[in-house]
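Trainee: Please take me on a close look at a single part of this model. I would like to start from one residue and then see how its surroundings fit into the rest of the chain.

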Amino acid sequence: MKRRWITRTDALVLVCLLAVILVLFLVLRPKTAGDSVSVYVGNTLHAEFSLSNAPDSYTVTTEKGSLVLCFEDGAVSAKSADCPDGVCVRTGSISKRGESIVCVPLGICVTVEGGTLDGVTG
């Protein structure tokens, strides 16, 4: 009996491995730098800033508390917040299109938007 070079199981494992690699590539690929920041309170746009000429800091105040945003070097970060867990402060700086800082207890979402698109980045 002649042994095959590759079996059906081997081909299936190879196809699954290639699919996982493709998904990881699409998820982990570098994002383009954004050029504006939108601040939402609930579903309402509260403020919008350009990353190139934003103020040094901005305070978003809601009936549940406030969040202080810090703008520096083309990025934005949450400096302090009146929320019990502080996840938004520990998120760090964001500057790439699609990145967000979310403070669920206060209902605030800060999102980087804009950026130039070309044929490669889509």
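**One valine and its surroundings**

Mentor: Let's start with Val39, which is in contact with Thr44, Leu45, His46, Ala47, Phe49, Val60, Leu69, Ile108, Cys109 and Val110, leaving aside its neighbours within four places in sequence. Contact here means heavy atoms within 4.5 Å. Before we go on, please keep in mind that this is a predicted model, where local features need pLDDT of at least 70, side-chain atom pairs count only at pLDDT 80 or more, and totals for chains, interfaces and linings use all residues. Residues are numbered from 1 along each chain as its sequence is written, and side-chain values use heavy atoms, with hydrogens and water left out.

Val39 belongs to the largest nonpolar core, a group of 20 residues in which Val37, Val39, Leu67, Leu69, Ile108 and Val110 have the most contacts. Such a core is a set of buried Ala, Val, Leu, Ile, Met, Phe, Trp, Tyr and Cys residues joined through side-chain atoms within 4.5 Å. Two or more residues of this core come from each of β1 (36-41), β2 (44-50), β4, β5, β6 (100-103) and β7 (108-113). Strands are DSSP runs of E with at least two residues, helices are runs of H or I with at least four, and both are numbered from the N terminus.

One of Val39's partners deserves its own visit. Ile108 sits in strand β7 and counts as buried, at 1% relative accessibility. Buried means under 20% relative accessible area, exposed means over 50%, and partly exposed lies in between, with a 1.4 Å probe and protein chains only. Beyond residues up to four places away in sequence, Ile108 touches Val39, Tyr40, Val41, Val60, Thr62, Leu67, Ile101, Val102 and Cys103. Its C-alpha atom is 9.2 Å from that of Ser66, although 42 residues separate the two along the chain.

Now look at Ser36, in strand β1. Ser36 is buried as well, with a relative accessible area of 14%. Its contacts, again without neighbours within four places, are Glu48, Phe49, Ser50, Leu51, Thr111, Val112, Glu113 and Gly114.

From here we can move to Ile94, found in the loop between α2 (87-90) and β6. A loop residue can be buried too: the relative accessible area of Ile94 is 4%. Not counting neighbours within four places, Ile94 is in contact with Ala75, Val76, Glu99, Ser100, Ile101, Val110 and Val112. Ser100 returns the contact, and it also touches Thr91, Cys109, Val110 and Thr111. Ser100 lies in strand β6 and is partly exposed, at 32% relative accessibility. Between Ser100 and Ser77, 23 residues apart along the chain, the C-alpha separation is 9.7 Å.

For contrast, here are two exposed positions. Asp73 lies in the loop between β4 (65-72) and β5 (75-81), has 79% relative accessibility, and shows a positive phi of about 55° although it is not a glycine. Leu18, in helix α1 (residues 8-28), is exposed with a relative accessible area of 51%. Together with Trp5, Ile6, Leu14, Leu17 and Ile21, Leu18 forms a nonpolar surface patch with about 710 Å² of accessible area. A nonpolar patch takes Val, Leu, Ile, Met, Phe, Trp or Tyr residues with over 30% relative accessible area and no salt bridge, joined when their side chains come within 5 Å; the joining distance for patches of like charges is 9 Å. A salt bridge is a side-chain nitrogen of Lys or Arg within 4 Å of a carboxyl oxygen of Asp or Glu. Areas come from the Shrake-Rupley method with a 1.4 Å probe, and for residues only the protein chains shown count as cover.

Finally, let's step back to the whole chain. The chain has two helices and seven strands, in the order α-β-β-β-β-β-α-β-β. Its radius of gyration is 21 Å, well over the 14 Å that the globule rule gives for 122 residues, so the chain is more spread out than a compact globule. That radius is taken over C-alpha atoms, and the rule is 2.2 Å times the number of residues to the power 0.38. The C-alpha atoms fill a box of roughly 75 × 35 × 25 Å along the principal axes, and 27% of the 122 residues count as buried.
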